[in-house]
Amino acid sequence: MNYDQNSLVEQLQQDGVAFGSDNLNNWALEESLFHSLDQIHEMDLPEIGVVVLEGTSDSAATLRDLAQDMNLATGIDTVVVRTPNSVAVVSDTLDRAEIETAQRALMAEPDYATGLHAFAESVTSFNIPWLAVSVVVALAIVVVLFATAYFSKRR
């Protein structure tokens, strides 16, 4: 890890966006991330914080650990850590399935602000097809019952 975690925490607490470097290009990116976060806030999602790291070779597990550390240190509900090649998300309210689906939407967008908006859209549109799941489970139970009855009569 080549970034200052205390600085990341301070930045997140200040405005919800943190950068691991002082790259001048971050100013424009920060403005577009602020705009996306404002739009997301209107979607009635929990608070989201974004950490942007450049050129890190950290593993996905290390990035997830960083997201968890930022979540715990700041109290921000959902923390997104974005690098050019990876993303990690930790949330107090989103479940793992929502996070995994939304992470794919986030990574599909090379523009970080657009990806953040895609993340939020994915979370708000995520739903488990409970009817289909129920039908499959019911059919499996029926098959097991018939198979049990069939094989028990053959003995």
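## Sheet, helices and nonpolar cores

In this predicted model, four strands form an open sheet in the order E1-E2-E3-E4, with mixed pairing. E1 and E4 occupy the edges, where each has a single partner strand, so one side of each is left without a neighbour in the sheet. On average, neighbouring strands are turned by 15° against each other, direction ignored. Strands of a sheet pair through backbone hydrogen bonds, either parallel or antiparallel. E1 and E2 run parallel and are joined by three bridges. Ala18 stands opposite Val51 in E2.

Two helices that lie across strands of the sheet are listed below.

| Helix | Residues | Lies across | Angle |
|---|---|---|---|
| H1 | residues 5–15 | E1 and E2 | about 155° to E1 |
| H3 | residues 60–74 | E2, E3 and E4 | about 35° to E4 |

The largest nonpolar core has 23 residues. Among those with the most contacts inside this core are Leu33, Ile48, Val50, Val52 and Phe119. At least two of its residues come from each of these elements: strands E1 (17–19), E2 (48–52) and E4 (87–91), and helices H2 (26–42), H4 (96–107) and H5 (112–125). H5 gives the most, with six residues.

Val52 illustrates how residues distant in sequence meet: leaving aside neighbours within four places in sequence, Val52 is in contact with Ala18, Phe19, Gly20, Leu29, Leu33, Arg82 and Tyr112. A second, separate core comprises 16 residues, including Val51, Leu66, Ala67 and Val90. Val51 of this second core is thus also the residue that Ala18 faces across the strands.

Terms used. Residues numbered from 1 in each chain as written. Predicted model: local features only at pLDDT ≥ 70, side-chain atom pairs only at ≥ 80, totals over all residues. Heavy atoms only, no water. Core = buried A, V, L, I, M, F, W, Y, C linked by side-chain atoms within 4.5 Å. Buried < 20%, exposed > 50% of the residue type's maximum accessible area, 1.4 Å probe, protein only. Contact = heavy atoms within 4.5 Å. Pairing = 2+ DSSP bridges. Axes fitted to C-alpha atoms, helices over the stretch in contact; angles between N-to-C directions.
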